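Open the structure in your viewer and keep the selection panel at hand. The tour goes from one selection to the next and says what is there.

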Amino acid sequence: MKQARQTASKWPKDRRVAEVSFAVHNILASIADEEERFATILTPPPGRARWTPDEANRRTGRQVVKPVTPQQKVSAIHG
């Protein structure tokens, strides 16, 4: 419940994107700069039609579920 409140506080209703999951909103909420956060959610990663939790984790520097790059694979092994 606390996490939902924190995420909602970072995403005013008029800035939420209906097609983007709560999980992605939650991950992207860690972007401190408000304008950067709001712009980021409107621009899916290159070659993608929409945000996924893994793409949001990549954008914020967090560990991903499905590593792609060599560095992500090394981090997954050590994590």
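**Stop one: a pair within a helix**

Select E55 and R58, which form a salt bridge with their closest N and O atoms 3.2 Å apart. This is a predicted model, so treat every distance here as computed from predicted coordinates. The two residues lie three apart in helix α4, so about one helical turn separates them. Now colour by accessibility. E55 has a relative accessible area of 11% and is buried, because the cut-off for that class is under 20%. R58, at 25%, counts as partly exposed. Add R48 to the selection: salt bridges with shared partners join R48, E55 and R58 into one network.

**Stop two: the rest of helix α4**

Extend the selection to helix α4, residues 53-60. Which residues of α4 are buried? They are D54, E55, A56 and N57. Show α2 as well, since α2 is included in what covers the buried residues of α4. Then pick A56 and list its contacts. Leaving aside neighbours within four places in sequence, A56 touches V24, I27, L28 and W51. Past the end of α4, select G61, where phi is positive, near 80 degrees.

**Stop three: the nonpolar core**

A56 also belongs to the largest nonpolar core, so keep it selected and add the other members. The core has twelve residues: W11, V17, V20, V24, I27, L28, A29, I31, F38, I41, W51 and A56. α2 and α3 each supply at least two of these residues. Which helix gives the largest share of the core? It is α2, with three residues.

**Stop four: bridges between distant parts of the chain**

Clear the selection and pick R59 and E36. They form a salt bridge whose closest N and O atoms are 2.4 Å apart. This pair links distant parts of the chain: R59 sits in helix α4 and E36 in helix α3, 23 residues apart. Is each partner buried or exposed? Both fall in between: R59 is partly exposed at a relative accessible area of 34%, and E36 is partly exposed at 36%.

Next select R15 and E35, another salt bridge, with the closest N and O atoms 4.0 Å apart. R15 lies in the loop between α1 (2-10) and α2 (22-28), whereas E35 is in helix α3 (residues 34-41). The two are 20 residues apart, and the pair again links distant parts of the chain. R15 has a relative accessibility of 33% and counts as partly exposed. In total the structure holds four salt bridges.

**Last stop: the whole chain**

Zoom out and show the cartoon. The protein has five helices and zero strands, and from the N terminus its elements run α-α-α-α-α. Of its 79 residues, 29% count as buried. Switch to a surface view: the protein exposes about 5,600 Å², and carbon and sulfur atoms supply 55% of that area. If your viewer draws a contact map, look at the contacts with a separation of 6 or more. Residues 24 or more positions apart account for 33% of them.

Technical notes:
Residues are numbered from 1 along each chain as its sequence is written. This is a predicted model: local features need pLDDT of at least 70, side-chain atom pairs count only at pLDDT 80 or more; totals for chains, interfaces and linings use all residues. Side-chain values use heavy atoms; hydrogens and water are left out. A salt bridge is a side-chain nitrogen of Lys or Arg within 4 Å of a carboxyl oxygen of Asp or Glu. Helices (H or I, at least four residues) and strands (E, at least two) are DSSP runs, numbered from the N terminus. Buried means under 20% relative accessible area, exposed over 50%, partly exposed in between (1.4 Å probe, protein chains only). A nonpolar core is a set of buried Ala, Val, Leu, Ile, Met, Phe, Trp, Tyr and Cys residues joined through side-chain atoms within 4.5 Å. Contact means heavy atoms within 4.5 Å. Accessible areas come from the Shrake-Rupley method with a 1.4 Å probe; for residues, only the protein chains shown count as cover.
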